[in-house]
Amino acid sequence: LAQIRADLSPAYKDAREPSDASDPAVQRDAIYEDAEEVSAKLSYLATDLRHTVGALNASIDGPGGVSAGAAATVASDPLSAIVGILNNQLKALTWIDQQCRDVEARVQAV
């Protein structure tokens, strides 16, 4: 299906005249193509975020993370559970902030 669409897409664009830019069908098609691109990018970001959160959770649960005894304490005390959740969120946000700074530094370098 993707191959057929890829083959027909240039033919469809060539069939439309540039003067048809005010045609609602052309505008609708352009908006639809933009929406498809945004959807694909959001899907990629969601997958990337899922992997990042998984890696972050693995690093927290691994060595130096929350131990089994501490996890049992957190589960038995509601206040400790809340503190643990907020602490993990703070760690995640700190990591995200650092990654944003790294990306910003790379963009500034370019």
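A residue counts as partly exposed when its relative accessible area lies between the buried limit of under 20% and the exposed limit of over 50%. Keep that in mind for the views below, which show a predicted model.

**View 1. Leu45 sits in helix α2 and is partly exposed.** Here we look at Leu45, which belongs to the helix spanning residues 24-61. Its relative accessible area is 49%, so Leu45 falls in the partly exposed class.

**View 2. Leu45 belongs to a nonpolar patch on the surface.** Joining Leu45 in this patch are Val38, Leu42 and Tyr44. Taken together, the four side chains' residues offer about 440 Å² of accessible area.

**View 3. Asp97 and Arg101 form a salt bridge.** The closest N and O atoms of this pair are 2.1 Å apart. Both residues lie in helix α4 (residues 78-109), and because they are four residues apart, about one helical turn separates them. Asp97 is partly exposed, at 36% relative accessibility. Arg101 is partly exposed too, with a relative accessible area of 45%. If you are hunting for other pairs, note that a search of the whole structure finds one salt bridge.

**View 4. The whole chain, for orientation, has four helices and zero strands.** Following the sequence from end to end, you will meet the pattern α-α-α-α. Of the 110 residues in the chain, 4% are buried. The accessible surface of the chain is about 9000 Å², and carbon and sulfur atoms account for 64% of that surface.

Key
Residues are numbered from 1 along each chain as its sequence is written. This is a predicted model: local features need pLDDT of at least 70, side-chain atom pairs count only at pLDDT 80 or more; totals for chains, interfaces and linings use all residues. Side-chain values use heavy atoms; hydrogens and water are left out. Helices (H or I, at least four residues) and strands (E, at least two) are DSSP runs, numbered from the N terminus. Buried means under 20% relative accessible area, exposed over 50%, partly exposed in between (1.4 Å probe, protein chains only). Patches are made of residues with over 30% relative accessible area and no salt bridge: like charges are joined within 9 Å, nonpolar side chains (Val, Leu, Ile, Met, Phe, Trp, Tyr) within 5 Å. Accessible areas come from the Shrake-Rupley method with a 1.4 Å probe; for residues, only the protein chains shown count as cover.
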